Amino acid sequence: MAVHIAVLASGGGTNLQALLDALGPDDPARVTRVVSDRAAAGALRRGERAGIATAVLRDPADPAEIVAAVADAELVVLAGYLKLVPAQVVARFPWRMVNIHPALLPAFGGPGMFGRRVHEAVLASGARISGATVHYADETYDRGPIIAQWPVPVLEDDDPDSLAERVLAVEHALLPRVVLTLATFGLPDRPLRLSARGEVFHVAPAGALDVKLDRRTTH
Ligand code: GRF
């Protein structure tokens with residue numbers, strides 16, 4: 001049975017689209033809900049075009065409304081969702097709520113760090129490498145354990161828009177890869193991380209070694 005995914009998005013939804021385009025009928029995951037805090041969000045239109053149930057949150061701070069909107073989802077994906085998720089909702093999805101961020105966290109994240117501002121801050125800092133991060137979401141902005149990252153070089157003639165464009169292209173590859181990995185391993189009840197070599201590890205408690213997982217062992 002495919003893992004049911006609810007995608008929360010506030011904006012245009014290109015990450016949602018990347019997920020919809022990447023997930024085929026035989027894949028172990030399927031987007032079943034698209035939820036937004038903005039009725040005008042392009043992400044809702046993408047969901048409607050794909051025949052997926054959509055919902056607009058009247059009060060994004062109301063846990064009961066969010067839980068109802070994500071309905072039967074087993075995995076929640078925050079893809080350009082700008083509101084904080086209430087702690088009660090986070091608690092219902094232990095290691096089953098992920099967020100994508102257009103920088104290499106923990107740098108260039110946190111309150112107010114979204115969209116163009118992130119890339120402006122990267123350029124202003126003089127950093128030569130930026131990238132994308134997918135991490136487990138918690139009730140704060142951009143702070144949960146990192147699952148996977150991918151680097152993007154900052155070029156001499158970059159401006160916030162050109163950098164954002166190259167990072168977004170990497171986001172569109174990284175997010176489906178993480179979602180498929182979580183679904184392939186059956187949404188484990190403890191954190192996973194992906195190495196740059198594509199290896200998958202169960203993150204061990206502090207002081208213990210992470211356990212490398214083998215896709216062939218998945219059911
Ligand atoms: C992406 O860059 C994502 O990392 C960030 O918000 C942007 C959303 O883009 N959190 P889209 O709505 O998926 O096109």
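Which residues surround the ligand? In this predicted model, the shell consists of Gly-11, Gly-12, Gly-13, Thr-14, Asn-15, Gly-80, Ile-100, His-101, Pro-102, Leu-168 and Glu-171. By class, that shell has 3 nonpolar, 7 polar and 1 charged residues. Glycine counts as polar here.

Three secondary-structure elements each supply at least two residues of the shell. They are helix H1 (14–22), strand E5 (97–101) and helix H6 (160–184).

**Polar contacts of the ligand**

Backbone atoms of Gly-12, Gly-13 and Ile-100 face ligand atoms as listed here.

| Ligand atom | Protein partner | Distance |
|---|---|---|
| oxygen | polar backbone atom of Gly-12 | 3.4 Å |
| oxygen | polar backbone atom of Gly-13 | 2.8 Å |
| nitrogen | polar backbone atom of Ile-100 | 3.2 Å |

A polar contact is a pair of N or O atoms within 3.5 Å, so these pairs qualify. How much of the ligand does the protein cover? On its own, the ligand has 360 Å² of accessible area, and the protein covers 83% of that.

**The pocket**

Where does the ligand sit? The ligand occupies the largest pocket. This pocket has a volume of about 740 Å³. Its lining is made of 37 residues. Nearest the pocket centre lie Gly-80, Leu-82, Pro-102, Phe-114 and Gly-115. Gly-80 and Pro-102 also belong to the shell around the ligand.

Which elements each supply at least two residues of the lining? They are H1, E5, helix H5 (116–125) and H6. H1, E5 and H6 also each give at least two residues to the ligand shell.

By class, the lining has 15 nonpolar, 15 polar and 7 charged residues. Here, then, nonpolar and polar residues are each counted at 15. In the ligand shell, the charged class holds 1 residue.

**The loop between E5 and H5**

Two backbone features fall in this loop. Pro-106 is found between E5 and H5. The peptide bond leading from Leu-105 to Pro-106 is cis, with omega near 10°. Phe-108 has its place in the loop between E5 and H5 too. What is the phi of Phe-108? Phe-108 has a positive phi of about 60°, although it is not a glycine. The elements that flank this loop, E5 and H5, each supply at least two residues of the pocket lining.

Methods
Residues are numbered from 1 along each chain as its sequence is written. This is a predicted model: local features need pLDDT of at least 70, side-chain atom pairs count only at pLDDT 80 or more; totals for chains, interfaces and linings use all residues. Side-chain values use heavy atoms; hydrogens and water are left out. A residue is near a molecule or strand if one of its heavy atoms lies within 4 Å of it. A polar contact is a pair of N or O atoms within 3.5 Å; within protein, one must be able to donate a hydrogen and the other to accept it, and residues adjacent in sequence count only if both atoms are side-chain atoms. Accessible areas come from the Shrake-Rupley method with a 1.4 Å probe; for residues, only the protein chains shown count as cover. On a 1 Å grid over the protein atoms alone, a cavity is a set of points where a 1.4 Å probe fits but cannot get out, and a pocket is an open set with protein on both sides within 12 Å along at least five of seven lines; lining residues have an atom within 4 Å of a point. A molecule sits in a cavity or pocket if more than half of its atoms lie within 2 Å of its grid points. Helices (H or I, at least four residues) and strands (E, at least two) are DSSP runs, numbered from the N terminus. Grid points are joined across faces, edges and corners, and a volume is the space filled by probe spheres set on the points.
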